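Got the model open in your viewer? Keep the selection box handy and follow along, one stop at a time.

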Amino acid sequence: MSLNTNCYSMCFYKYRENIQFTYCINDIKLNPISSIKVLSVILTHNLNFQDHIEYVVKKSLRILGFVKRHSFDFKYLVSFKLFYCVLIRSILEYGSTTWSPYTTFNINCIKRVHNCFFKVYSFRIQYNNRPA
């Protein structure tokens, strides 16, 4: 049985910079990388999840825009809320125990998605409740 040598190496460190170790498998050097996506969570060398949070927020806002464009004629707002919970909130909450945002900036980025949804949702409530 042979090993797959098409692999990468990654060192995790918090305070030291430029730690360079050379890892080899069967005398073949592994390529060092600084970030990798594992189970849809972006890991970086210093375990700062800023890249992952930006990725999740962009993806959520894209899907919110899609839902907003294609659900304008929905008569029942419950279905719009259901789309939000199933499609958008599930993306925002996936793996959150691992990358839990602890800085105010990261928390505000995630809150921006919620605020956009509530802005669209409140507009839909006013639009559906207007006199005919």
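Start with charge pairs: a search of this whole predicted structure turns up one salt bridge. To see it, select Arg-89 and Glu-93 and show their side chains; the closest N and O atoms are 2.9 Å apart. Side chains of opposite charge can pair when their charged atoms come close. Both Arg-89 and Glu-93 sit in helix H2, four residues apart, or about one turn of the helix. An α-helix has 3.6 residues a turn, so residues three or four places apart point the same way. Is this pair buried or exposed, or something in between? Arg-89 is partly exposed, with a relative accessible area of 34%, and Glu-93 is also partly exposed, at 45%.

Next, go inside. Select Ile-53, Val-57, Ile-88, Leu-92, Trp-99 and Ile-110: these have the most contacts inside the largest nonpolar core, which has 19 residues. Now colour strand S6 (41–44), helix H1 (50–70), helix H2 (77–93) and H4, since each of them supplies at least two residues of this core. In soluble globular proteins, nonpolar side chains tend to be buried together.

Stay on Ile-53 for a moment. Which residues does Ile-53 touch, leaving aside neighbours within four places in sequence? The contacts are Trp-99, Pro-101, Asn-106, Cys-109 and Ile-110.

Now show H1 on its own. Its 21 residues should span 30 Å at 1.5 Å a residue, and its end C-alpha atoms are indeed 30 Å apart, so the two agree. Among the buried residues of H1 are Gln-50, His-52, Ile-53, Ser-60 and Gly-65.

Hop over to Asn-106, in helix H4 (residues 104–128). Asn-106 is buried, because its relative accessible area of 5% falls under the 20% cut-off. Beyond residues up to four places away in sequence, Asn-106 touches Gln-50, Ile-53 and Pro-101.

For contrast, pick another asparagine: Asn-6, in the segment before strand S1 (8–9). Asn-6 has 59% relative accessibility and therefore counts as exposed. Measure from Asn-6 to Leu-30 in your viewer: they are 24 residues apart in sequence and 7.6 Å apart in space, C-alpha to C-alpha.

Last stop, the surface. Select Tyr-8, Ile-36, Val-38, Leu-39 and Tyr-94, which form a nonpolar patch with about 510 Å² of accessible area together. Zoom in on Val-38, found in strand S5 (residues 35–38). Val-38 is partly exposed, with a relative accessible area of 37%.

Terms used: Residues numbered from 1 in each chain as written. Predicted model: local features only at pLDDT ≥ 70, side-chain atom pairs only at ≥ 80, totals over all residues. Heavy atoms only, no water. Buried < 20%, exposed > 50% of the residue type's maximum accessible area, 1.4 Å probe, protein only. Contact = heavy atoms within 4.5 Å. Core = buried A, V, L, I, M, F, W, Y, C linked by side-chain atoms within 4.5 Å. Expected span 1.5 Å × (residues − 1). Patch = residues over 30% accessible without salt bridge, like charges linked within 9 Å, V, L, I, M, F, W, Y side chains within 5 Å. Areas by Shrake-Rupley, 256 points an atom, 1.4 Å probe, with all protein chains shown as cover. Salt bridge = Lys/Arg side-chain N within 4 Å of Asp/Glu carboxyl O.
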